[in-house]
Structure formats: structure tokens, C-alpha cells
Amino acid sequence: MNKSPIKKIIIIVVIALLVPILMYSILQFIESDKNEKFVETIYDRQLSSILFSVNQHCWDIFTSWESEITTLAESFTRHSYSRLKSGLYNFHQSQTSVTGAFVRFNNQIIIYSLENEIEELNSESRRQEFLTKINSLIRDNDSALERIISQAQKGYVRPIAFLWDANSMNKITLLIFPIIENSYTGDSTILAGIFVNNLDYIQEIVARKFGSMNDGNFVFAVRQKDEIIFTTDEAEEGEYEKKEALWILPDLDIQIKLKGTTLAELSKTRVRNNLILLSIVNVVFLCGVGYLIYNVSTEISLAKMKTNFVANVSHELRTPLALIRMFAETLEMGRVNSEEKKQHYYKTIMSESARLSQLINNILDFSKIESHKKEYHFETASLVAILTQTLDIYHFRFVQTGFEVDVDIDDKLPDTQLDSEAVTQAIVNLLDNAVKYSVDEKYIKVSLNRNNGYLELAVEDKGIGIHESEHEKIFEKFYRAGSSLVHNTKGSGLGLSLVKHIMDVHQGKITVKSKLNKGSTFTLMFPLQLKNGEH
Ligand code: ADP
């Protein structure tokens with residue numbers, strides 16, 4: 001297997017996901033100014049539409065007043081002044097912000113009803129004054145009224161607003177509008193008026209509408225000339241973003257702003273937050289892609305190592321089997337005469353079969369470890385005895401392969417808790433490697449000493465060594481170092497991973513000191529005292 005699957009995955013991920021996401025992100029960063037403007041425009045429109053709907057609401061209210069009074073005026077007959085008057089009375093009584101209303105016929109007869117009428121118009125002269133004021137207002141605004149009358153004839157009724165009483169505390173606006181026809185009197189254009197108390201109107205109608213649309217993010221105000229006469233938040237400072245004249249009472253402006261911020265600030269924060277979020281998404285995504293590639297490449301190299309493993313193991317099984325068979329057959333045929341040669345053959349058969357069982361043990365143990373079925377049997381045992389025994393068994397192989405062996409064992413070491421079989425296997429693996437990976441200088445030193453609460457068993461060789469970059473990897477399953485010398489040597493890549501597992505179970509450690517072409521020292525560190533409760 002070559003590296004192309006990883007490359008392919010990287011290319012697919014980059015083209016299909018990374019490039020579009022990165023391009024989108026870059027575009028967002030480049031266009032952040034534009035986006036800010038865009039978001040600002042959206043908010044701006046939202047504010048305008050809120051003001052629009054306040055105006056629309058006020059207009060609807062006026063339309064309902066207008067139709068109520070029109071109905072009253074249309075049903076009026078010359079003989080029922082009092083009915084019209086009581087109708088007007090009921091009308092303004094039912095509206096908190098309306099202080100009175102009148103209907104003025106073509107013959108200038110004015111029927112009116114006012115709040116506090118008795119106090120306000122208690123003398124004939126006051127009443128005349130009131131009527132004259134209305135008449136002169138109408139006369140003075142003749143042309144403007146003509147215009148709304150002609151509009152009303154086309155079906156569009158709108159009022160003209162007059163400031164009726166500018167001096168009073170609560171300013172009163174008079175809304176005059178036309179009523180086109182009265183079937184009883186034959187009057188073609190009647191004028192009607194509604195007196196509105198500005199402040200009451202704002203409290204009753206405008207503020208309520210504000211309230212129904214405010215989700216806490218806006219501040220509303222009503223301004224008359226330079227003075228704010230109403231606001232939904234006294235504490236709010238700063239300019240109002242949008243203002244519009246109140247259609248019904250045009251000398252009042254309704255205004256709106258965002259609570260605690262401005263449109264520009266808000267859109268900037270929104271766009272900035274989006275960019276931060278996008279950056280986080282990108283980082284997370286890149287990490288994800290990195291993790292994916294890492295995992296896939298590990299899986300692929302594991303698969304590759306497994307394939308090599310099968311090839312190596314078959315090779316390793318075949319060679320000793322062939323040797324054993326060959327020597328056994330030669331012996332069986334009785335062709336070997338010299339006793340010395342016979343001994344040599346016997347020992348070869350023994351050492352090769354020992355090698356075979358070592359390999360098979362490794363494989364079986366490995367598969368048990370992988371399926372979590374490997375069991376260890378701890379007992380009080382002497383590491384010195386285990387090492388000496390193993391070296392005895394190995395002696396023939398050393399001699400046969402021409403190794404010089406140096407042994408340094410402190411024989412006064414205490415017994416410890418061990419699984420003898422597993423520890424033997426670990427030592428054999430280290431000796432096996434030392435023999436396998438020594439080429440020119442065939443020297444092995446085995447030592448066992450006590451050091452800092454540990455028994456330290458070291459196997460040193462002067463073989464091919466291991467590059468520093470591989471010091472950790474050699475303990476991974478199936479891993480074999482990259483050098484070609486290693487690949488010419490038989491091996492399964494399981495030995496050291498098993499040794500590491502055995503040392504972990506013994507609460508110990510395995511360390512390696514090695515330099516390429518200089519040799520290696522593997523040290524097993526067994527604690528003198530196992531921690532309680534672990535085995
Ligand atoms: P293998 O069956 O390949 O020997 P191991 O797990 O025992 O598997 O060892 C893993 C790798 O570590 C070996 O393939 C080899 O590259 C390296 N190695 C182990 N011991 C030695 C040593 N004494 N000298 C040089 N390289 C070694």
C-alpha cells in the first residue's frame with residue numbers, strides 16, 4: 001500500500017469542504033463593511049416600519065371616530081338637534097382623549113358637545129365666542145378646507161389639525177374634517193370637528209401602541225417642537241435614530257431609538273460577533289479535518305503494518321520449521337556419525353523450536369491482550385533466578401551465533417511479586433532483538449541491579465541502533481523501524497509492544513537508550529514493592 005489513499009482523502013476534504021468554507025470566510029471578512037451597512041439598513045427599515053405602524057394605528061382610530069360622527073350627522077334631521085347633541089356627548093365621553101366634538105351644517109348651525117361645557121360656556125357671550133371662533137377658523141382656512149372637501153368627494157377623508165388652545169396646560173388640537181352628504185337635510189358638505197387633548201391622546205393611544213410593539217429593545221418618545229413631552233424611558237440618553245411627524249397631530253413628532261445603543265454600533269457588534277463565530281467555526285473545522293486526517297492515516301498505516309506482519313510471521317514460521325525438519329530427517333536417517341555433530345543438531349532443533357514457540361507465544365499473547373483476555377499470575381519470585389535460567393537456555397544461541405556475552409547480576413537481590421512466565425517472555429524478547437539487530441560487533445551485556453526502589457534489568461548490544469525519532473514508536477504494535485537492515489531481519493513488530501504491556505502490568509517501565517549504528521540498551525524497571533490492590 002502506498003500513501004495515495006491519505007493524499008486522496010486530504011485532496012477530497014480540501015476541495016469539497018475546506019476551500020468553500022475558507023473562501024466564504026474570507027469573503028465575509030472582506031465584505032464586513034458592506035455587511036455592516038446592510039445590517040444597518042435592515043434595522044433602519046425596521047425602526048421606520050414601527051413608526052409607520054404607530055401612525056397607521058392613530059389613523060385607524062381617527063377613521064373610526066370619523067365614521068362614528070359621520071353616522072351621527074347623517075342620521076340628523078332638523079328636528080333632532082338634541083339627539084345629535086347627545087350622540088356627540090356620548091362619543092366624547094367614550095374617548096378619554098377627546099374633549100368635545102361638533103358638526104357644522106351649511107347654514108352655519110353648529111351642534112356641539114363639550115366636556116365641562118357648563119363651566120366653559122356658561123354664559124351666552126362665551127358660547128357666542130366659541131361659535132365665532134369655530135366659524136372664523138373655518139373662514140380663515142377656506143382654501144385648505146376646500147382641498148380636503150374635494151378630496152373627500154373622491155372618497156378620501158382626512159382632517160386638518162388646528163391648535164385650538166395653545167395656552168392651556170394640556171394643549172388641545174381641533175381636527176376638522178368634511179362629511180360629504182346628509183340625505184335628510186340635503187346639505188352637501190358638512191364640517192365636523194373633534195377636540196383632542198394632546199397629552200391624553202399620547203398617553204391613551206400612542207403610548208399604548210408603543211407598548212404593544214416594544215420588546216424592551218426600543219425607546220419611544222413624542223416631541224413637540226424642541227421639547228420631549230413623552231418618553232418610554234426617562235433615563236435613556238442620546239439621539240433618536242428615527243423620527244416622523246404624527247399624521248393626525250402634525251405638530252408632534254414620534255421618535256424611536258435602540259435602547260442603550262445606536263444602529264451603527266448594533267450592526268457593527270452583530271457583524272463582529274458573526275465574524276468571531278465564523279472564525280471559531282473555522283478553527284473547529286480545521287481541528288476536525290486535522291483529527292480526521294490523523295485518524296485515517298493512523299488506520300491506514302496500521303493496516304499497512306498488519307499486512308507486513310502477516311508476511312513477516314509466515315516467513316518467520318517457515319524458516320525454523322524447515323531447519324527443524326531438515327536436521328530431524330538427517331538424524332533419523334542415521335547419517336550423522338560424529339557425536340559432536342549430533343549434539344549440534346539436537347541443540348539447533350531445540351533452539352529453533354524455542355524460537356518458534358517464542359514467536360507463537362508472542363502472537364497468542366498479543367491476540368489475548370487485544371481481546372482483553374490476557375491473564376497474569378503474580379507470585380513471589382526471584383528475578384535473579386528467572387534471568388539466570390533464561391540466559392542458560394539462551395546460551396547455546398549466543399555461542400552458535402558467535403556472541404560475546406557479559407553478565408553482571410547482583411545475586412543478593414530480594415524476591416518480588418512477578419508473573420514468571422511473562423517476565424521470561426519479556427527477557428527473551430529483549431535478548432532475541434539484541435541478537436537479531438547486531439551485525440558487525442556481536443556483543444551483549446546483561447545486567448541486573450537495584451536502583452532507587454527498582455530492580456533494573458538491562459540488555460545492551462552494539463548492534464544497528466535505533467534512530468531517536470523512533471524511540472517511542474518501536475513500542476507500538478506492529479511497528480518496525482524504517483532501516484532496510486531491520487526489514488531484512490525476521491520479525492513481527494509485536495515483541496516490544498508485548499514487553500511494554502508486561503511492564504505496565506508489573507507497574508514497571510521500559511526505557512531505551514540507543515544511537516544509530518552504535519547499539520542499544522533496553523532497561524526493564526521492576527518496582528520492589530507493588531502498589532496494593534492492583535493484582
Ligand atoms: P520485531 O519483531 O520487528 O523485532 P519488536 O517489537 O521486538 O519487533 O521491535 C520493534 C522494532 O524495534 C524492531 O523492528 C527494530 O526496528 C527495533 N529494535 C528492537 N530492538 C532492537 C535492538 N536491540 N537494536 C536495534 N533495533 C531494535
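## Empty space and helix packing

About 450 Å³ of space lies in the largest cavity, a cavity being a set of points on a 1 Å grid over the protein atoms alone where a 1.4 Å probe fits but cannot get out. The volume is the space filled by probe spheres set on the points, which are joined across faces, edges and corners. This is a predicted model, in which local features need pLDDT of at least 70 and side-chain atom pairs count only at pLDDT 80 or more, while totals for chains, interfaces and linings use all residues. Residues are numbered from 1 along each chain as its sequence is written, and side-chain values use heavy atoms, with hydrogens and water left out.

Let's stay with the cavity for a moment. Its lining has 30 residues, and the closest to the centre are Asn433, Lys436, Tyr437, Arg480 and Leu496; a lining residue has an atom within 4 Å of a point. Two or more lining residues come from each of α8 (263–332), α9, α11, α13 and β16 (519–527). These labels follow DSSP runs numbered from the N terminus, with helices (H or I) of at least four residues and strands (E) of at least two. By class, the cavity lining has 14 nonpolar, 10 polar and 6 charged residues. Here Ala, Val, Leu, Ile, Met, Phe, Trp, Tyr, Cys and Pro count as nonpolar, Asp, Glu, Lys and Arg as charged, and the others, Gly among them, as polar.

Now for the largest pocket, with a volume of about 720 Å³. A pocket is an open set of points with protein on both sides within 12 Å along at least five of seven lines. Among its 31 lining residues, Ala354, Gln358, Asn361, Thr424 and Val428 are the closest to the centre. Helices α9, α10 (383–400) and α11 (420–436) each supply at least two residues of this lining, and α9 gives the most, with 11. The pocket lining divides into 9 nonpolar, 11 polar and 11 charged residues.

Two of these pocket helices also pack together: α10 and α11 meet at an angle of about 40 degrees, with their axes 10 Å apart. Axes are lines fitted to C-alpha atoms, for helices over the stretch in contact, and angles run from 0 to 180 degrees between N-to-C directions. That makes α10 oblique to α11; angles under 35 degrees count as roughly parallel, over 145 as roughly antiparallel, 65 to 115 as roughly perpendicular and the rest as oblique. The crossing of α10 and α11 is right-handed, meaning that the near helix is turned clockwise from the far one by less than a right angle, whereas anticlockwise would be left-handed. Their contact (heavy atoms within 4.5 Å) includes Leu387, Leu391 and Tyr394 of α10 and Val423, Ile427 and Leu431 of α11. By class, this contact has 11 nonpolar, 3 polar and 2 charged residues.

Helix α9 (residues 339–370) also meets α13 (residues 495–505), where the axes come within 10 Å and cross at roughly 55 degrees. The two are therefore oblique to each other, and their crossing is left-handed. Asn362, Asp365, Phe366 and Ile369 of α9 make the contact with Gly495, Leu498 and His501 of α13. These residues divide into 3 nonpolar, 3 polar and 1 charged.

Finally, turn to helix α2 (residues 32–74) and helix α7 (residues 198–213), which pack at about 135 degrees with axes 10 Å apart. That makes α2 oblique to α7, in a right-handed crossing.
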